[in-house]
Protein chains: 2
Amino acid sequence: MINKANQVNKALDEAVPLQHPQKINEAMRYSLLAGGKRVRPILCIASCELVGGDEGLAMPAACALEMIHTMSLIHDDLPCMDNDDLRRGKPTSHKIFGEDTAVLAGDALLSLAFEHVARNTKNVSSDRVVQAIAELGSTVGSKGLVAGQIVDIDSEGKEVSLSTLEYIHVHKTAKLLEAAVVCGAIMGGADATSVERLRKYARSIGLLFQVVDDILDVTKSSEELGKTAGKDLASDKATYPKLMGIDEAKKFAAQLVDEANQGLAFFDHVKAAPLYHFANYIATRQN
Amino acid sequence: MINKANQVNKALDEAVPLQHPQKINEAMRYSLLAGGKRVRPILCIASCELVGGDEGLAMPAACALEMIHTMSLIHDDLPCMDNDDLRRGKPTSHKIFGEDTAVLAGDALLSLAFEHVARNTKNVSSDRVVQAIAELGSTVGSKGLVAGQIVDIDSEGKEVSLSTLEYIHVHKTAKLLEAAVVCGAIMGGADATSVERLRKYARSIGLLFQVVDDILDVTKSSEELGKTAGKDLASDKATYPKLMGIDEAKKFAAQLVDEANQGLAFFDHVKAAPLYHFANYIATRQN
């Protein structure tokens, strides 16, 4: 997985050269190359390889997913949104470059994501490229990340139902993980049935990712997490442990792992090993 | 042209239904359906028809151009950018919905632009759809609108050369008009030579558009323009009238009309009538 992350980092580095106007490209690179875990790109490539494609087919889509993810972090961190000063242990984009440049860096990364897939995907039929672009597009807007963020902002300081909590997480987190798996499968040459089976896997791990995040926030120290622990509780944010209790939240996480594994049952077990491993990694991660 | 604009308005209305979460879709619709002149969509459709395609082939791309244009207006108007209260005679997005929603509405419109072309373009080969998406993408990011806006922001209050001014306008205005013409031609089935000839036309009217805008800013009232007049002068912004004088700016505009017409010379004159008319319309518009 570390090797895959390095390949992704190399491709991202090449996708945003440091050209004129310097400042905007610097800002894009600052956030894009800040060393995240590259969860979405790795998932995209693993899904492509599972259905018989090679890494190169999925790499532009993998990079696009990271660009979209980074855009959403830059914009969510803005003073008019979550007003965060730190991200991945470094000052946030607007702290370094100013709010105007941070807004623009997000915009540029978002459009580059689509351009990059359209321009640089090779040896994949244009039909599939168009399908992947439609999938990517639906993860961002009023049925994706933006919908999740709007409902999240509206929910702060309010009593939130389990269904609203799930709506937020599905849209803010799970949809992009789903797109990662689905786009990887599309680029790798999967038939429609395999794409939908992998979508089921992706939906389960998408929700799992957030449930585990919520559990870690109440069970770990800031030192163990590498970010402020107990932040959700302090800010009175709705979380799974808060709404279900910690034991039920852990049971729910275990159930989601089972569901994810069921989604993989139709595939060759050896080839699917990275995706099984991935579900397990998310379920057992400690930070 | 009014008929075309109505068709575009109808398509835009359908492209952003008022669904859950209501607030983000309201914000997207508020700016998108605020009654602009639909210059870019009409240009896209006219270009498609010139090369023998029908309106329907270009309509999703035409809508995408308006979504991208609207996104750039919403974000440029933000307090951290140009801090504008009025746009098309109405309060700007952040004045009505708040800064957070305005940022998100722009993000959602930008991603919807690409998704809409990918999902709703019919009877055009996927090869052409991918080509159009790449063209659209390059108009936004660090080689397009964002590049223009960054250099524009950096230039405020400074002495600006004519070449910097041109860089700003080419990127902030002309590139999107160019994409309108080029995407229309691609969707309409044009060969590569015709696409490049139309690109020449588009570059001239792109610059023309901005020169006329600058002239109107110093010669018209806010009421006539539907936006704050004299703002460029007040903010000490570089404009063509400021750098060349008003008479030279008008001569430059006339020269750009000639260049645009030359770009059309290879096409059937009757079929090209709407694009000739368009150059003339831009040159003589009063708001």
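In the predicted model, A:Ile133 touches residues of both chains: leaving aside residues up to four places away in sequence, its contacts are A:Phe114, A:Val117 and A:Ala118 in chain A, and B:Phe114, B:Ala118 and B:Ile133 in chain B. A:Ile133 also belongs to the largest nonpolar core, which holds 188 residues, and together with B:Ile133 and B:Leu208 it touches the most other members of that core. In soluble globular proteins, nonpolar side chains tend to be buried together.

The contact between the two chains involves 40 residues of chain A and 40 residues of chain B. On the side of chain A that touches chain B, at least two residues each are supplied by helix H2 (22–32), helix H6 (99–120), helix H7 (126–138) and helix H8 (145–155), and the greatest contribution comes from H6(A), with 14 residues. By residue class, this side of chain A comprises 23 nonpolar, 10 polar and 7 charged residues.

Chain A is superposed on chain B, with an RMSD of 0.5 Å, by a rotation of 179° accompanied by a shift of 0.1 Å along the rotation axis; the two copies are therefore related as by a two-fold rotation axis. Within chain A, the C-alpha of A:Ser126 is the one nearest this axis, at 2.6 Å from it. Both copies use the same surface for the contact, in that 100% of the contact residues of chain A recur in chain B.

Conventions: Residues numbered from 1 in each chain as written. Chains lettered and ligands numbered in written order. Predicted model: local features only at pLDDT ≥ 70, side-chain atom pairs only at ≥ 80, totals over all residues. Contact = placed C-beta atoms within 7 Å. Helix = DSSP H or I, 4+ residues; strand = E, 2+ residues; numbered from the N terminus. Nonpolar A, V, L, I, M, F, W, Y, C, P; charged D, E, K, R; others polar. Least-squares fit on C-alpha atoms with pLDDT ≥ 70 in both. Core = buried A, V, L, I, M, F, W, Y, C linked by C-beta atoms within 7 Å. Buried ≥ 20, exposed ≤ 12 C-beta atoms within 10 Å, placed from the backbone.
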